[in-house]
Amino acid sequence: MSNLSRVATCILMGIPRTPVLDTTLFGIFLVIYVLTVVGNFLILLVVRVDSHLHTPMYFLDNLSFIDMWVSTVSVPKMLTTFVSPEGRAISFHSCGAQLYSFHFLSSTECFLYTVMSYDCYLAISYLLRYTSMRSGRTCALLATSTWLSGCLYSAVQTMLTFCLPYCGSNQIQHYFCERMPVLKLACADTSGNEMVIFVNLGVVALGCFLLILLSYVSTVCSILKIRTSEGRLTAFQNCASHCIVILCFFVPVFIYLRPGSKDVVDGVVAVFYTVLTPLLNPVVYTLRNKEVKRALFKLKHEPLSQSK
């Protein structure tokens, strides 16, 4: 920990932009952030209020909670960089906490998508036994395993980033504390740390993606065995939403893993998976669910009927 005392405060330079756009960008990202928090909180509220959704929507409930906090970890600090130069400052220990929190949530989301893809496979391939196979205890066990895996993964990433001495520049070329921009401030050789970080990230991301791909190939094979065209169409529609969300999550990750990364491109990619993806998830995935729509309608009209 003695290494951390050499740099007490870091300066987040924010996303690449011209200062004249600060007010406009502040307004845009503020609206997106509010919609993200409200949308995901609404899903959490509906699932908690309607007891019939506790088990069917268990994983989506976790997903909404993660999306709400992924955005909260990074976006508010980004908004302060648009307001004043003082808003760019962040203590070094807070920077470490932000990095850990972000990767804890995002890696947990990655593991959760893997579990959800397998859950989708079970729902279509074993329709008659699905309810008995998917008990509340099983869901809780799987969800807990994703959170514990994310905790371990993030701990490794954070230790590899902050085990080096930081005694040089304190300007981070990013809008939140991300691994590679932070490592550029280290006054020591970072090649070994960068290699281990990228291998660790690549193995986790690629491993989850391949498992998801395997689940969906098996799911498609099961769908093709459905005799009625209406049944096949319904099954494909249910899978389509999940596929869109998966692509929105993994495409930026694989772009980030490309060789010869650049700050500008990495900044745009980071905006996509920290700002846009958490907003798209409740719209593309959860709000297309008929059970959630029914619960939202019920939640909207029940207070009116009770007041009468």
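Helices and strands are runs assigned by DSSP and numbered from the N terminus. In this predicted model, H174 is found in the loop that runs between β3 (171–172) and α6 (179–183).

The protein chain as a whole contains 10 helices and three strands. Their order along the sequence is β-α-α-β-α-α-α-β-α-α-α-α-α. The protein chain has 308 residues, of which 46% count as buried. Its exposed area is about 15,600 Å², and carbon and sulfur atoms supply 69% of that area. Contacts in the protein chain between residues at least 6 apart in sequence were also examined, and 79% of them join residues at least 24 apart.

The loop between β3 and α6 is described next. H174 in this loop has a relative accessible area of 6%, which is under the 20% limit, so H174 counts as buried. When neighbours within four places in sequence are left aside, H174 is in contact with L12, M13, G14, P181, D266 and A270. The loop between β3 and α6 also holds C177, which is joined to a distant part of the chain.

Two disulfides were found in a search of the whole structure. One of them joins C95 to C177, with an S to S distance of 2.0 Å. C95 belongs to helix α3 (residues 92–125), whereas C177 sits in the loop between β3 and α6, and the two cysteines are 82 residues apart. The torsion about the S-S bond of C95 and C177 is about -125 degrees, and the disulfide is therefore left-handed. C95 is buried, with a relative accessible area of 0%, and C177 is likewise buried at 0%.

The disulfide between C167 and C187 has its sulfur atoms 1.9 Å apart. C167 lies in the loop between α5 (136–162) and β3, and C187 lies in the loop between α6 and α7 (191–224); this pair, too, links distant parts of the chain, with the cysteines 20 residues apart. Here the torsion about the S-S bond is about 125 degrees, so the disulfide of C167 and C187 is right-handed. C167 has a relative accessible area of 41% and is partly exposed. C187, at 35% relative accessibility, also counts as partly exposed.

When the bonded cysteines are counted along the chain, the disulfides follow the pattern 1-3, 2-4. C10 takes part in no disulfide, and the nearest cysteine sulfur, that of C95, is 4.9 Å away. A disulfide requires sulfur atoms within 2.5 Å, so a pair at a distance of 4.9 Å is not counted. C10 is buried, with 0% relative accessibility. C243 has a relative accessible area of 31% and is partly exposed.

Charged side chains were considered next. Side chains of opposite charge can pair when their charged atoms come close. The count comes to one salt bridge. In this salt bridge the side chains of R179 and E178 meet at 3.6 Å, N to O. Both R179 and E178 are buried.

Aromatic side chains were examined as well, and the search of the whole structure gave 18 aromatic pairs. Among them is the pair of Y121 and Y126, whose ring centres are 6.1 Å apart and whose planes stand at 85 degrees to each other. An angle over 60 degrees counts as edge-to-face, so the pair of Y121 and Y126 is placed in that class. Y121 has 19% relative accessibility and counts as buried, while Y126 is partly exposed at 30%. F65, W69, Y100, F104 and W147 together form one aromatic cluster.

At the surface, L206, L210, L213, V217 and F254 make a nonpolar patch of about 420 Å². Helix α7 gives the most to this patch, with four residues. F254 is located in helix α8 (residues 229–256). At 31% relative accessibility, F254 counts as partly exposed. Residues must have over 30% relative accessible area to be part of a patch, so F254 at 31% meets this requirement.

Terms used
Residues numbered from 1 in each chain as written. Predicted model: local features only at pLDDT ≥ 70, side-chain atom pairs only at ≥ 80, totals over all residues. Heavy atoms only, no water. Buried < 20%, exposed > 50% of the residue type's maximum accessible area, 1.4 Å probe, protein only. Contact = heavy atoms within 4.5 Å. Patch = residues over 30% accessible without salt bridge, like charges linked within 9 Å, V, L, I, M, F, W, Y side chains within 5 Å. Areas by Shrake-Rupley, 256 points an atom, 1.4 Å probe, with all protein chains shown as cover. Salt bridge = Lys/Arg side-chain N within 4 Å of Asp/Glu carboxyl O. Phe/Tyr/Trp six-rings, centres within 6.5 Å; stacked < 30°, edge-to-face > 60°.
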